[in-house]
Amino acid sequence: MEENFITDSKGRRSRTSSRAERMDLKAIVSSRRCCREFTSQAVLNEQLDRMLDMTRYAPTAGGLQSFDVVVVHREQRIASLADACKQPFVKGANVVLVFCANNDRAAKYGEKGPNYAVQDTTLAACYAMLAAEDEGLSTVWVGAFDPKEVANIIGAPSGVIPEVIMPVGFPTEAEEARKTGPGHRTKDLDELVHDEQYGERILHHEPLAH
Ligand SMILES: Cc1cc2nc3c(=O)[nH]c(=O)nc-3n(C[C@H](O)[C@H](O)[C@H](O)COP(=O)(O)O)c2cc1C
């Protein structure tokens with residue numbers, strides 16, 4: 001790997017990966033868009049495996065990995081998930097991942113446990129989402145559903161709470177065109193980032209946009 005150095009705002013030098021490698025991640029992150037229309041092309045098992053494998057590398061509270069992923073292939077079960085979300089487009093996905101917070105695994109954190117489990121779960125889902133992008137697949141993050149209904153569909157025990165439903169597949173041409181169309185609309189950084197104290201504006205960041 002080619003090694004470069006960066007200097008932080010305090011003048012400290014540290015090693016970083018080559019610019020080319022960082023560009024790859026940048027391209028993946030900035031080109032990802034949610035997709036709600038998929039072709040019938042099957043997601044390959046090895047693509048799915050690589051996506052799922054990536055979840056293991058997400059940071060988690062105490063390294064406890066308080067999340068589970070249920071992989072749903074069966075058409076009937078996917079349809080039930082779509083009904084539970086009241087979002088019919090979910091039916092069009094090739095495979096659907098249900099990311100669940102595992103409260104039992106985070107139990108040692110007491111009252112804070114469920115919150116940590118949710119954070120672990122959403123990080124894992126985010127890693128899977130970016131890995132999908134790297135595979136040429138598309139996804140959408142679905143958070144609007146009744147967790148009890150979804151838990152019932154996937155047979156999750158109590159303490160295992162569905163948090164994110166992620167349809168996965170190949171995007172239709174229209175979705176692909178939308179992705180490469182006019183830029184991703186995001187807030188300006190100065191609306192999101194504060195300098196030292198809340199409300200103090202910070203500027204001069206290099207935007208991620210391509
Ligand atoms: C917590 C959360 C919940 C979401 N819930 C839904 C949902 O229920 N249905 C849906 O179609 N999209 C849902 N989305 C996707 C957002 O609408 C989408 O990410 C947002 O509009 C930005 O678009 P982009 O993903 O293309 O950048 C959700 C996203 C997040 C992070």
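In this predicted model, helix H3, which spans residues 75-85, packs against helix H5, residues 147-154, with the two axes 10 Å apart and at an angle of about 175 degrees. Because angles over 145 degrees count as roughly antiparallel, H3 and H5 are described as roughly antiparallel to each other. On the H3 side the contact is made by Arg77, Ser80, Leu81 and Ala84, and on the H5 side by Glu149, Val150 and Ile153. By class, the residues of this contact comprise four nonpolar, one polar and two charged.

Both helices also contribute to the largest nonpolar core, for H3 and H5 are among the elements that give two or more residues to it. This core has 43 residues, and those with the most contacts inside it are Val96, Ile165 and Met166. The elements below are among those that give two or more residues to the core.

| Element | Residues |
|---|---|
| Helix H2 | 45-55 |
| Strand S3 | 67-72 |
| Strand S4 | 95-102 |
| Helix H4 | 113-134 |
| Strand S6 | 160-169 |

Helix H4 supplies the largest share of the core, with nine residues. Setting aside residues up to four places away in sequence, Val96 touches Val72, Ile78, Leu81, Val90, Ile165, Met166, Pro167 and Val168; of these, Leu81 also takes part in the contact of H3 with H5.

Turning to the ligand, the residues around it are Arg33, Cys34, Arg36, Gln87, Val140, Trp141, Val142, Gly143 and Ala144. This shell has five nonpolar, two polar and two charged residues. One of its members, Gln87, lies in the loop between H3 and S4. Is Gln87 buried, exposed or partly exposed? Since a residue is buried at 20 or more C-beta neighbours within 10 Å and exposed at 12 or fewer, Gln87, with 17 such neighbours inside 10 Å, counts as partly exposed. Leaving aside neighbours within four places in sequence, Gln87 is in contact with Ala82 and Val142, and Val142 is itself one of the residues around the ligand. Gln87 and Arg36 are 51 residues apart in sequence, while their C-alpha atoms are 9.7 Å apart in space.

For the protein chain as a whole, there are seven helices and six strands, which follow the pattern β-β-α-α-β-α-β-α-β-α-β-α-α along the sequence. Of the 210 residues in the chain, 28% are buried. Among contacts with a separation of 6 or more, 70% are between residues 24 or more positions apart.

How values were computed. Residues numbered from 1 in each chain as written. Predicted model: local features only at pLDDT ≥ 70, side-chain atom pairs only at ≥ 80, totals over all residues. Near = placed C-beta within 6 Å. Nonpolar A, V, L, I, M, F, W, Y, C, P; charged D, E, K, R; others polar. Axes fitted to C-alpha atoms, helices over the stretch in contact; angles between N-to-C directions. Helix = DSSP H or I, 4+ residues; strand = E, 2+ residues; numbered from the N terminus. Parallel < 35°, antiparallel > 145°, perpendicular 65-115°, else oblique. Contact = placed C-beta atoms within 7 Å. Core = buried A, V, L, I, M, F, W, Y, C linked by C-beta atoms within 7 Å.
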